[in-house]
Amino acid sequence: MHTNATNQDYRLSEHERQYKQACLSEYKWNVAVWCILGFAVSTAFTGWYAFRAGYPVSGAVGMFSAAVNVLLVSIAAAAIAVYLAKQRKDSLRRDVALMNIDAEAWSRRVEASLAEDRARIRANGWLWTAVAILANVLFTVVLVSFW
């Protein structure tokens, strides 16, 4: 037979797991938006470079409009995901407060424990942004050189 303390410990650990998952989801989407923004800006610059190098205007405009479309869809998806994660975090904080635990201190402690994961996500985001920008630049230079 489980005691109330055991049940509360189980519920608290489950809330902590879900809270960490919501925090990391929110952070991943925020990093993804910045990565996509960097890629879109590089696409705009490479589109301008292609236009200045003599590539047809329709191709350069197509590159830019594709980047804008990807950016808008990604930001919309990120906004929805971040909103849902924030809602989940708020719900979990309310549940923890109902257990007579200081929810703000609890959430700060859980978020502080995610520092290493956030650093890893940020580093991976920068890496993928650099790879995407480099691929974009190389693609444009090759495209323009064969034009």
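Which residues have the most contacts inside the largest nonpolar core? The views below start there, in what is a predicted model.

**View 1. The largest nonpolar core and the helices that build it.** This core has 15 residues, and L12, Y19, V31, V96, W106 and I121 are those with the most contacts inside it. Helix 1 (4–52), helix 2 (57–98) and helix 3 each supply at least two of the core's residues. Helix 1 gives the largest share, seven residues. Take a moment with Y19: leaving aside its neighbours within four places in sequence, this residue is in contact with K89, L92, R93, W106, S107, V110 and E111.

**View 2. Helix 3 and its two sides.** Helix 3 covers residues 103–112, and its buried residues are A103, W106, S107 and V110. Seen down the helix axis, these buried residues fall within an arc of 95°, so they line one face of helix 3. Look to the other side of the helix and you will find R108 and A112, which are exposed. W106 is also one of the core residues with the most contacts.

**View 3. Helix 4 from end to end.** Helix 4 runs through residues 115–145, which makes 31 residues. At 1.5 Å a residue, the helix should span 45 Å, and its end C-alpha atoms are indeed 45 Å apart, so the two values agree. Along helix 4, the residues I121, G125, T129, N136, T140 and V144 are buried.

**View 4. A closer look at T140.** Is T140, a residue of helix 4, buried or exposed? Its relative accessibility is 0%, so T140 counts as buried. The side chain of T140 reaches the backbone oxygen of N136 at 2.9 Å. Not counting residues up to four places away in sequence, T140 touches T46, Y49, A50 and M63.

**View 5. Helix 1 meets helix 3 through E16 and R109.** Side chains of opposite charge can pair when their charged atoms come close. Here the side chains of E16 and R109 meet in a salt bridge, at 3.2 Å from N to O. This pair links distant parts of the chain, with E16 in helix 1 and R109 in helix 3, 93 residues apart. R109 is partly exposed, with a relative accessible area of 46%. R17, also found in helix 1, is partly exposed too, at 44%. The C-alpha atoms of R17 and V110 are 9.1 Å apart in space, although the two residues are 93 apart in sequence.

**View 6. A buried pair, E26 and K89.** The side chains of E26 and K89 meet in a salt bridge, at 2.7 Å from N to O. E26 lies in helix 1 and K89 in helix 2, so the pair ties together parts that are 63 residues apart in sequence. Both partners count as buried: E26 has a relative accessibility of 9%, and K89 has 8%.

**View 7. A salt bridge within helix 2, and a wider network.** The side chains of R93 and D90 meet in a salt bridge, at 2.4 Å from N to O. The two are three residues apart in helix 2, so about one helical turn separates R93 from D90. R93 is buried, with a relative accessible area of 19%, while D90 counts as partly exposed at 29%. Elsewhere, salt bridges that share partners join E26, K86, K89 and E111 into one network. In total, the model has eight salt bridges.

Technical notes. Residues are numbered from 1 along each chain as its sequence is written. This is a predicted model: local features need pLDDT of at least 70, side-chain atom pairs count only at pLDDT 80 or more; totals for chains, interfaces and linings use all residues. Side-chain values use heavy atoms; hydrogens and water are left out. Helices (H or I, at least four residues) and strands (E, at least two) are DSSP runs, numbered from the N terminus. The expected span of a helix is 1.5 Å times one less than its number of residues. Buried means under 20% relative accessible area, exposed over 50%, partly exposed in between (1.4 Å probe, protein chains only). The arc is that of the directions from the helix axis to the C-beta atoms. A nonpolar core is a set of buried Ala, Val, Leu, Ile, Met, Phe, Trp, Tyr and Cys residues joined through side-chain atoms within 4.5 Å. Contact means heavy atoms within 4.5 Å. A polar contact is a pair of N or O atoms within 3.5 Å; within protein, one must be able to donate a hydrogen and the other to accept it, and residues adjacent in sequence count only if both atoms are side-chain atoms. A salt bridge is a side-chain nitrogen of Lys or Arg within 4 Å of a carboxyl oxygen of Asp or Glu.
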